[in-house]
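Me: Could you help me understand the words people use for a model like this one? I would like to ask where each label comes from.

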Amino acid sequence: MNDQRSAAGVAAMERAAAVAVPETVAVPGAAGEAVRPKGRGAALAPVALVVAGGLSVQFGSAIAVLLMPRAGALGVVTLRLAAAALVLLVVCRPKLRGYARADWGTVLAFGVVMGAMNTLFYQAADRIPLGAAVTLEVLGPLVLSVVASRRLVNVVWAGLALGGVVLLSGGGFDRLDPVGAAYALGAGAMWAAYIVFSARTGRRFPQADGLALAMVVAALLSLPLGILESGSKLLVPSTLGLGAAVAMLSSVLPYTLELMALRRLPAPTFAILMSLEPAIAATAGFLILDQALSTTDALAIALVIGASMGAVRSQVRGGKGRKRA
């Protein structure tokens, strides 16, 4: 891994993409462009890695929902963040010296946002179906993409996403549970902030050091909340094991797979693939949690996915037009 910037910075700040992940690498090639391997199989390999990462995240979230009756939503957040922080500290071994106060302020803000994003999302997943929670959460990065692009065509994509949300809510969030929907929207706002601070952290800290340190901050902030809600339940061996599995599936494994993919995959393509997260989440919810989708729900999720993809594609085309001008 290199120290250039985060995948969030590549996919959302430079391309104003709809979705993003924490840390990335500066891939080899001219001007930091992704290397495109020759051969159909080689070209499909990074796509498979991104899809595998998405499956890992959302099936990890489904397991987290199963764990909530044992440890509570806040307890699950604590277990996930603490386990992920430990793994990242061991793997990255970040240096603590040589940074300015502004650097530490950035990583602290990143950690706070990361903790808030996870806490709000798991509170939402505890109250509404997983597919609906991820669909509402994706609106945060989508709004960031529309605002950052400043292109009129993206108003169309924003309207399409709004139509999906209206369908999902059935004309009112009372069908979903208004508290759960509010938590999901809050998680989306934190995801947008996460994109911004991930990019800034990636510019200030080498490799994945910033991510590891921010994860520690998020884990420490969540620890009192998890202990307050669940107490000694967090120390039950089976609960600890499931918490570690959630951390590996939802954090460590997808980050690794996505970093590998970004070495060979252009950021816009990566962002479009990540726009499929709501559909993957709905599938995980159906298979693991028995959360069946109605036709209206499926259409709503499809509208939001289409809006995300459209926002990414229009922004990429706009960027090419500006380069030619």
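Me: What makes up the secondary structure of the protein, in helices and strands?

Reply: The protein has 11 helices and zero strands. Helices (H or I, at least four residues) and strands (E, at least two) are DSSP runs, numbered from the N terminus. This is a predicted model, where local features need pLDDT of at least 70, side-chain atom pairs count only at pLDDT 80 or more, and totals for chains, interfaces and linings use all residues. Residues are numbered from 1 along each chain as its sequence is written, and side-chain values use heavy atoms, with hydrogens and water left out.

Me: Why is Arg 93 called exposed?

Reply: Its relative accessible area is 68%. Buried means under 20%, exposed over 50%, and partly exposed in between (1.4 Å probe, protein chains only). Arg 93 is therefore exposed. This residue lies in the loop between helix 2 (40-92) and helix 3 (101-125).

Me: What about Leu 221: why is it called partly exposed?

Reply: Leu 221 has a relative accessible area of 45%, so it counts as partly exposed. Its place is in helix 7 (residues 209-230).

Me: Why is Asp 290 called exposed?

Reply: The value for Asp 290 is 62%, so the label is exposed. Asp 290 sits in the loop between helix 10 (277-289) and helix 11 (295-324).

Me: What is the phi of Asp 290?

Reply: It is near 60°, a positive value in a residue other than glycine. Most residues other than glycine have a negative phi. Arg 93 also has a positive phi, of about 45°, although it is not a glycine.
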